[in-house]
Structure formats: structure tokens, C-alpha cells
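Me: I would like a careful look at a single part of this model, set against the rest of the chain. Please keep to what can be computed from the coordinates.
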Amino acid sequence: MPDYSFEHEKYEAGYKAVCGCDEAGRGPLCGPVVAAAVILPEGLYIEGLNDSKKLTEKKREALYEIIIKEAIAYGIAECSPAEIDEINILNASMLAMRRAIEKMEVKADCALIDGNHARNFPIDAFPIVKGDAKSCSIAAASILAKVTRDRQCIDLDREYPMYGIAKHKGYPTKDHMDAVRQFGVAPIYRKTFLKFLDK
């Protein structure tokens with residue numbers, strides 16, 4: 001289960017506001033990549049807080065409400081499919097995280113980033129592999145990002161019901177790829193993710 005050891009280490013080193021950052025939606029064929037940044041009160045216990053991928057949708061939704069209520073600050077931002085196509089998904093994920101940090105009402109001076117990359121951040125940033133399972137603030141960010149993107153997928157499904165986005169959340173399932181072959185490429189798609197159409 002995640003804890004505050006990484007955050008505590010940074011506060012001990014003299015940082016004043018440590019945020020966790022994570023993204024959701026790197027793998028899907030369509031929609032934006034969504035990122036969140038969260039500063040939690042150090043030591044705040046939130047029952048069930050964990051990597052968003054290990055939680056049910058119902059649990060994520062409940063934790064989302066607790067996190068936005070209890071956080072010192074949070075920010076949620078995204079990069080569009082067009083931006084993903086232009087700068088690639090890794091750079092788009094980093095950009096979305098930087099945007100999320102900038103949206104927080106309390107300015108962080110240190111960021112814990114889920115994964116093994118931390119590029120071009122305006123503050124000191126430290127990558128943590130599998131950070132969403134190790135750090136409470138990254139786990140909280142993973143939940144905000146995942147819930148936000150899943151809600152966007154429900155909206156996209158209403159707009160483009162033929163693709164079944166509410167079910168697969170944009171990921172490249174066989175049914176999803178078959179639907180893209182049948183109905184064509186809507187504006188919500190990441191063109192660089194559609195190599196399967198060339199086969």
C-alpha cells in the first residue's frame with residue numbers, strides 16, 4: 001500500500017509543498033491523455049487509497065470526492081489527441097502533468113512523478129517507478145486522472161456511440177479496432193495510434 005515515505009523524505013530535505021503527479025490514458029486510441037497533481041496533508045489517512053488500476057470504478061469515484069475535499073491543492077489537465085500526434089504520447093503526458101501542476105492554487109516546489117521519466121518540469125521533479133503503488137500523493141493523482149478520463153469517455157460515447165467507448169475506454173480492444181475499421185476515424189482519434197489500419 002502507498003505511504004508518505006517519499007513525501008517525508010522531500011520535506012526533510014527542505015521542500016515546502018510536495019505534489020504527486022500521474023496520468024491516465026497513455027494507451028487508448030482516442031481522447032486526451034489526462035494528468036493530475038495533488039498535494040496532500042502529510043500523514044492524512046484515506047482508507048482504501050491505492051493505485052487507481054487496483055480499484056473498482058465505484059471505489060475510485062468515492063475516493064475522488066474525498067481527495068478533492070481533503071487535498072491542500074490539486075490540478076487536473078490534459079493534452080489533446082492532436083497534441084499527442086504532434087509531440088508523441090510520452091511528451092504529451094509530461095506536458096499534461098506540467099499543466100496540472102500549474103493549475104494548483106498552492107504552488108508546489110517539488111513533484112513526485114509516476115514512472116521513469118520527469119522531463120522539463122518547472123520545479124524539482126523526481127520519477128518513481130510504480131509510484132502510484134508507493135506514494136500516497138501519486139496514488140491520489142492517479143485516481144483524479146483516471147476518474148476524469150473515464151468520465152470523458154462516457155461523454156465521448158454519447159457523441160460517438162458507434163465505437164463503444166464507454167465500454168473499453170478507448171483502449172485497442174478487438175471490438176474497438178473493428179469499429180474504427182467499419183466507421184472510420186473520428187476527430188477524437190490519435191492518428192499516430194492507428195497503425196493497425198495499415199495492416
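What covers the buried residues of helix 4?

Reply: This is a predicted model, in which local features need pLDDT of at least 70 and side-chain atom pairs count only at pLDDT 80 or more, whereas totals for chains, interfaces and linings use all residues. Residues are numbered from 1 along each chain as its sequence is written, and side-chain values use heavy atoms, with hydrogens and water left out.

The cover of the buried residues of helix 4 includes strand 1 (18-24), strand 2 (33-39), strand 3 (73-79), helix 3 (81-87) and strand 4 (110-114). Helices and strands here are DSSP runs numbered from the N terminus (H or I over at least four residues for a helix, E over at least two for a strand). Helix 4 itself takes in residues 89-103, and the 21 Å from its first C-alpha to its last is close to the 21 Å expected for 15 residues at 1.5 Å a residue, the expected span being 1.5 Å times one less than the number of residues.

Of these 15 residues, 11 are buried, and helix 4 is thus mostly covered; buried means under 20% relative accessible area, exposed over 50%, and partly exposed in between, with a 1.4 Å probe and protein chains only. The buried set consists of Ile89, Leu90, Ala92, Ser93, Met94, Leu95, Ala96, Met97, Arg98, Ala100 and Ile101. Asn88 lies in the loop between helix 3 and helix 4, and although Asn88 is not a glycine, its phi is positive, at about 80°. Most residues other than glycine have a negative phi. With a relative accessible area of 39%, Asn88 counts as partly exposed.

Helix 5 (residues 136-159) can be set beside this picture: 19 of its 24 residues are buried, and it too is mostly covered. Its end C-alpha atoms are 35 Å apart, which agrees with the 34 Å that its 24 residues should span at 1.5 Å a residue. In the loop between strand 5 and helix 5 sits Lys130, which has a positive phi of about 55° without being a glycine and which counts as exposed at 60% relative accessibility.

Strand 4, part of the cover of helix 4, is followed by a loop that joins it to strand 5 (124-128) and holds Asn116. Asn116 is exposed, at 54% relative accessibility, and once neighbours within four places in sequence are left aside, its contacts (heavy atoms within 4.5 Å) are with Pro127 and Val129. The C-alpha atoms of Asn116 and Gly131 are separated by 9.4 Å, with their positions 15 residues apart along the chain.

As for the whole chain, the protein has 7 helices and 5 strands, which run α-β-β-α-β-α-α-β-β-α-α-α from the N terminus on. Its radius of gyration is 17 Å, close to the 16 Å that the globule rule gives for 199 residues, so the protein is as compact as a globular protein of that length; the radius is taken over C-alpha atoms, and the rule is 2.2 Å times the number of residues to the power 0.38. Buried residues make up 52% of the 199 residues, and among contacts between residues at least 6 apart in sequence, 67% join residues at least 24 apart.
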